[in-house]
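Here is a short tour of one structure, written for someone who likes to look at the atoms alongside the text. Have a look at the model first, and then read on.

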Amino acid sequence: MPSSWGKIFKVSTFGESHGEAVGVVIEGVPAGIPIRLEEIQKDLNRRRPGQSKLTTPRDESDTVRVLSGVFEGKTIGSPIALIVNNQNTISKDYENLRETFRPSHADYTYQAKYGFRAHVGGGRSSVRETIARVAAGAIARMILEDDLGVKTVAWVDTIGTISSEIAEINYPRTREEVDVNEVRCPDTQAADKMRSLILQMKEAGDSVGGIIRSASYNLPPGLGDPVYDKLDGDIAKAILSIPACKGFEVGSGFSGTLLTGSAHNDEFYVEEGSGKVRTRTNNSGGLQGGISNGETMVVRAAFKPTSTIFKKQNTVNIDGKETTLEAKGRHDPCVLPRAVPIVEAAINLVLVDAYLYQRAMNPQWFQKWAQIPDYYRDLKL
C-alpha cells in the first residue's frame, strides 16, 4: 500500500484511525532549519476533531511529539519522525461494520482489493491519516514562508447550495481571517447560513458537502515541470488523495470553458518599479504549462457529503447479500471546516518539494528568488 510521496521532501505516513498512533517520517529536510513545534501543533489544532458543534464529537487533543531529526530546535538532516497518539477510540461502535459495507465509503473497495480490512474507524482510509500530512505540511509551510515568503491560505467557499461572495480582490491573506468563525468562511453572512445548514444536517443524521478555495501568495515563477511533473498535476494528485475529495480546479477551471481564447488569455506586462513580469488577469490560476508564473496560485477542491450518516441505507454484506445499515459512531456532518488545514498542507507539501528540487537543479534561481533566511547564513561550515 503506497503511503509516501515527494522527490526530495519525502513524506511517509503511517497509522490507522483506531490504532495506537498515527505519524509521519520526513526525509530530505536540510539541516539547520528551525522547527517551531508550536506551529505544528497550531496546524493540528485546526484539523482536530471535537473543536466545535459542526464536527465529530470524538475528543482528541492530537498532541504531536518529535521522535527524531531535531536537535535544540533545529533539523539535523536526518529523517524527522512525528507521532500523535490515538486516545479516544470507541471501536465497539463499528462492530456492525465488520461484515457490512457503508455506501460510498471505502469499505467495499478496500475489501475487494486486499481481502481484509480494519473495519473500526475506517482503518487506513480514515481521515485520521491526514494528521500526518498536516504535521509534515506545517514543516513545509515554515520552510516556504521563511525561504520564499510563500503563504498558502485556504477557506470554505461553498457548503451545499450556499456560496460565499468573496471576490479575488478580497481573498483572505491570513489564516486568522479564515478562522474568524467555526465554518472557516471569511464571508460572515454566508458562514451563518452554512453553519445553520450543517447543524440541520447533523440533527437529521445526514451530511452535506462543499468546496474549498485556496490561494498561494508570493509564489515565484519557475516551480514545476512541463510534462509529467506539472505543478498543477502534482497538486491535483495530493488534494484528490484527501478523503472525500471528488473534484479539483486551477484558476478559471471548468468555468473557463465558457470563455473565448481572447477573453481567457492572461496578457503579460512589466510591472513599473519592480520590473517583474506580471499578468493583467489570472485565469491561469498562477500556473502555465505546469510551471508557476509568479502570480497567485488559486485552486478549488470539491468535497462530497460525508459517507457515514445515521439514516437507514440499503447495502450489501461481506457474503454478497443485500441488507440494511444504520451506522453508529462519531462522524462529521460536513468535512469542510476541518478539511481547510488539510488542503493547505497538501499544497505546501507539493510546493516545498518543487522548491527544493528547483533549488538543487538551478542554484541561480535560488539566489534570485529566495529570501535566503538568516539560518542559512549562520550555518557553521
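Helices and strands here are DSSP runs, helices of H or I with at least four residues and strands of E with at least two, and they are numbered from the N terminus. Please keep in mind that this is a predicted model.

## Two loop residues with positive phi

With that numbering, N218 is easy to place: it is found in the loop between β10 (210-217) and α6. N218 has a positive phi of about 65°, although it is not a glycine.

D62 is another non-glycine residue with a positive phi, in this case about 50°. The loop that holds D62 runs between α1 (37-47) and β4 (64-68). D62 is buried, with a relative accessible area of 0%.

## The open sheet

Strand β10 also belongs to an open sheet of five strands, ordered β9-β8-β10-β16-β11 with antiparallel pairing. At the edges are β9 (162-163) and β11 (245-250), each of which pairs on one side only.

Inside the sheet, β10 and strand β16 (residues 297-303) run antiparallel to each other and are joined over seven bridges. If you would like one bridge to look at, take G210, whose partner in β16 is F303.

## Helix α6 and its buried side

Which residues of helix α6 (residues 231-240) are buried? They are L231, I235, A236, A238 and I239. These residues cover an arc of only 165° around the axis, so they lie on the same side of α6. As a reminder, an α-helix has 3.6 residues a turn, so residues three or four places apart point the same way.

## Aromatic pairs

The structure holds five aromatic pairs. One of them joins Y110 and Y114, with 5.0 Å centre to centre and 50° between the planes, and it is tilted. Y110 and Y114 are separated by about one helical turn, because they are four residues apart in helix α2 (residues 107-114). Their surroundings are worth a look too: Y110 is buried, with a relative accessible area of 19%, whereas Y114 is partly exposed at 36%. The cut-off explains the two labels, because buried means under 20% relative accessible area.

Another tilted pair is made by Y355 and W365, whose ring centres are 6.2 Å apart and whose planes meet at 50°. Y355 lies in helix α8 (residues 336-361) and W365 in helix α9 (residues 363-369), so this pair ties together parts that are 10 residues apart in sequence. Both Y355 and W365 are buried. Together with F366, they form one aromatic cluster.

## Charges over rings

F366 has a charged neighbour as well: the charged end of R359 sits over the ring of F366, 4.8 Å from its centre. An arrangement of this kind also involves R280, whose charged end sits over the ring of Y269 at 4.2 Å from the ring centre.

## A buried asparagine

Where is N282 found? N282 is in the loop between β13 (277-279) and β14 (287-288). N282 is buried, with a relative accessible area of 14%.

What does the side chain of N282 reach? It reaches the backbone oxygen of T296, at 2.8 Å. Leaving aside residues up to four places away in sequence, N282 touches E168, D266, E295, T296 and V298.

Technical notes: Residues numbered from 1 in each chain as written. Predicted model: local features only at pLDDT ≥ 70, side-chain atom pairs only at ≥ 80, totals over all residues. Heavy atoms only, no water. Buried < 20%, exposed > 50% of the residue type's maximum accessible area, 1.4 Å probe, protein only. Polar contact = N/O pair within 3.5 Å; in protein donor to acceptor, adjacent residues only side chain to side chain. Contact = heavy atoms within 4.5 Å. Arc of directions from axis to C-beta. Phe/Tyr/Trp six-rings, centres within 6.5 Å; stacked < 30°, edge-to-face > 60°. Lys NZ or Arg CZ within 6 Å of the ring centre and 35° of its normal. Pairing = 2+ DSSP bridges.
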